[in-house]
Amino acid sequence: MISTLHIKNIGIIDDICIDFSSGFNVLTGETGSGKTLIIDSLDIISGGRFSKEMIRNGENYSFVEACIYLPNHKDSIDGNIIVSREIYLNGRNNCKINGRLVTVTELKCFMKNIINIHGQHDNQNIMDISYHINYLDAFIGEEIKFIKIKYQNLLEEFNEIKNELRKNYGDEKEKQRKIDLLKYQINEIEIANLKIDEEKELEEKRKILMNSEKIMQNLNIIDEALDTKVIDGLNVAIKSLEKIENYNPNFEEKLNILRNSYYDIQEIAIEICSNKSNIEYDEQSIEEIETRLDLINSLRRKYGNTIEEILQYKEETEEEINKILNMEEYINNLKEKQENTEKQMIDLCIKMNELRNKYGEILSNKINNELKDLDMKNARFKIKIDIKKGEYNKQGYNYVEFYISTNIGEDYKQLTKIASGGELSRIMLAIKSVLVDIDDVDIMIFDEIDTGISGLAAKAVSQKMSRISKKHQILVITHLPIIAAVADDNFYISKEVNNNKTRTNVKKLKGEEIIEELARMS
């Protein structure tokens, strides 16, 4: 359950804090007082979309924080999870779970099984036939989930094969032109005789040759300094220490150090002298290196950013030539692979179809029972499941659509064509009531689900929500007193103007205040 919700700088909300109960929480108030902004804030904390226009005028950031009590959740600390999201005008997001920074995607993934928000857009979803199969599969759950994953992997492979088969190298003349071009490219790369890291070695040689005069000048200085000063000086020092080394152990130690230094410096002097003989400005060598580097750069522009990529391109080109030359065999192999993949897909589609038919009937019965509870006693809900063989999408080859008959004696008709706004709200509540027990979502939020209903239907909705709230925390925005009357906690949302600025206030109602609010709503 959400125990505390803190909202700052969203729309006309300045800074509010609401403590909810674990059961049925109802939010009421005048239109435009900020009720929907509270639901929007819960959507934001759940990883939903945010527009910078939602940030309160004059402020540069918005902040939403929720303390959620979930004692059995693996991430809870003393039973609580603290989730927050701070959004700035420049688009920067700071999302945290128990103080740990997370991405918006991670926040959304974390919250999706904790909070379920139902608003007017859900009614739009139920009017979109493509969503119907999602509702059914959500009801089936894990039993179909893993089959769908395996099927979707095969579908991706199947589509890749189809795309490959669509490739057309044209007639024989076109094929020959393509082969000639590819052979020319391969030959151009082969003639270059490229070697890995060759470019780096050439650049180093070029750098030395271009700076040969400066290098030689300094090597001469080093050679002369080591030979005439350092080595001769060390030689004199060593001979002098040899004469007195027996008089003091310290002299013997220093003598060994000097001897080692002498040999090291002598070796360096020899290497420097050798390097001098190898350093010579050679214009021809520079031209050869420049020519080689130009060739490599030309090949890079055509075939890849590095020598490794150029050589990889050559291998791929050779494979393509082989493919074209053996096109008939290649196509036959692809078709055979496509056929095998399709057989596996069909097997999985059959399994999904069996599950959907089995659970479609169960879900229909459960929804019909819920509709009776919602004062739609004469309504009959049915899930129609068709097969479109050969038409594969991410869901398989099933076509799922919801049908309903709202009156005795009427045939089933498409839900999308006959249901009124009030009926849609109750049907949506019936579906949510069934699925929420399957998904075990802890918190259900309804934004004006009472749209288009009144009287007995409204009473049925209030009773249904009251029963659901025994197992799940419910937050509802409503304009109907019959729904507000059964709440465990009532919150009145109002707005006031101070210093030419509008701000939202939230008050938890008690005793007579609840009665007065119910009277106002009547």
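**Sheet, cysteines and aromatic pairs in a predicted model**

Helix H2, which spans residues 104-111, lies across strands E4, E5, E6 and E7 and runs at about 145° to E5. The model described here is a predicted one. A second helix, H1 (residues 35-45), lies across strand E1 (2-10), E2, strand E4 (61-69) and strand E5 (80-88), and its direction makes an angle of about 105° with E1.

The strands named above belong to an open sheet of six strands, arranged in the order E2-E1-E4-E5-E6-E7 with antiparallel pairing. Strand E2 (13-19) and strand E7 (100-102) stand at the edges of this sheet, and because each has a single partner strand, one side of each is left without a neighbour in the sheet. From one strand to the next, the twist averages 15°. In general, the strands of a sheet pair through backbone hydrogen bonds, in either a parallel or an antiparallel manner. At the E7 edge, three bridges join E7 to strand E6 (residues 93-97), and these two strands run antiparallel. Within this part of the sheet, Ile-97 stands opposite Arg-100 in E7.

Turning to the cysteines, the structure holds zero disulfides. For Cys-67, the closest cysteine sulfur is that of Cys-17, and because the two sulfurs are 9.8 Å apart, they are too far from each other for a bond, given that a disulfide requires sulfur atoms within 2.5 Å. Cys-95 is likewise in no disulfide, the nearest cysteine sulfur being that of Cys-109, 13 Å away. Both residues are nevertheless buried, since the relative accessible area is 18% for Cys-67 and 1% for Cys-95, where buried means under 20%.

Lys-501 is placed in strand E15 (residues 501-508) and is partly exposed, with a relative accessible area of 35%. Although Lys-501 and Ile-12 are 489 residues apart in sequence, their C-alpha atoms are 8.4 Å apart in space. When neighbours within four places in sequence are left aside, Lys-501 is in contact with Arg-56, Asn-57 and Glu-496. For Asn-57, the backbone oxygen lies 3.1 Å from a polar atom of the Lys-501 side chain.

The structure also holds seven aromatic pairs. In one of them, the ring centres of Phe-158 and Tyr-392 are 5.7 Å apart and the ring planes stand at 75°, so the pair is edge-to-face. This pair links distant parts of the chain, with Phe-158 in helix H5 (residues 142-166) and Tyr-392 in the loop between strand E9 (380-387) and strand E10 (398-405), 234 residues apart. Phe-158 is buried, with a relative accessible area of 6%, and Tyr-392 also counts as buried, at 17% relative accessibility.

Another pair is formed by Tyr-303 and Tyr-313, whose ring centres are 5.0 Å apart and whose planes stand at 25°, so the pair is stacked. Tyr-303 lies in helix H10 (residues 283-303) and Tyr-313 in helix H11 (residues 307-325), with their positions 10 residues apart in the chain. Tyr-303 counts as buried at 8% relative accessibility, whereas Tyr-313 is partly exposed, with a relative accessible area of 25%. Finally, Tyr-135, Phe-381 and Phe-402 form one aromatic cluster.

Note on methods
Residues are numbered from 1 along each chain as its sequence is written. This is a predicted model: local features need pLDDT of at least 70, side-chain atom pairs count only at pLDDT 80 or more; totals for chains, interfaces and linings use all residues. Side-chain values use heavy atoms; hydrogens and water are left out. Buried means under 20% relative accessible area, exposed over 50%, partly exposed in between (1.4 Å probe, protein chains only). Two strands pair if DSSP finds at least two bridges between them. Helices (H or I, at least four residues) and strands (E, at least two) are DSSP runs, numbered from the N terminus. Axes are lines fitted to C-alpha atoms, for helices over the stretch in contact, and angles run from 0 to 180 degrees between N-to-C directions. Contact means heavy atoms within 4.5 Å. A polar contact is a pair of N or O atoms within 3.5 Å; within protein, one must be able to donate a hydrogen and the other to accept it, and residues adjacent in sequence count only if both atoms are side-chain atoms. Rings of Phe, Tyr and Trp (its six-membered ring) pair if their centres lie within 6.5 Å; planes under 30 degrees apart count as stacked, over 60 as edge-to-face and the rest as tilted.
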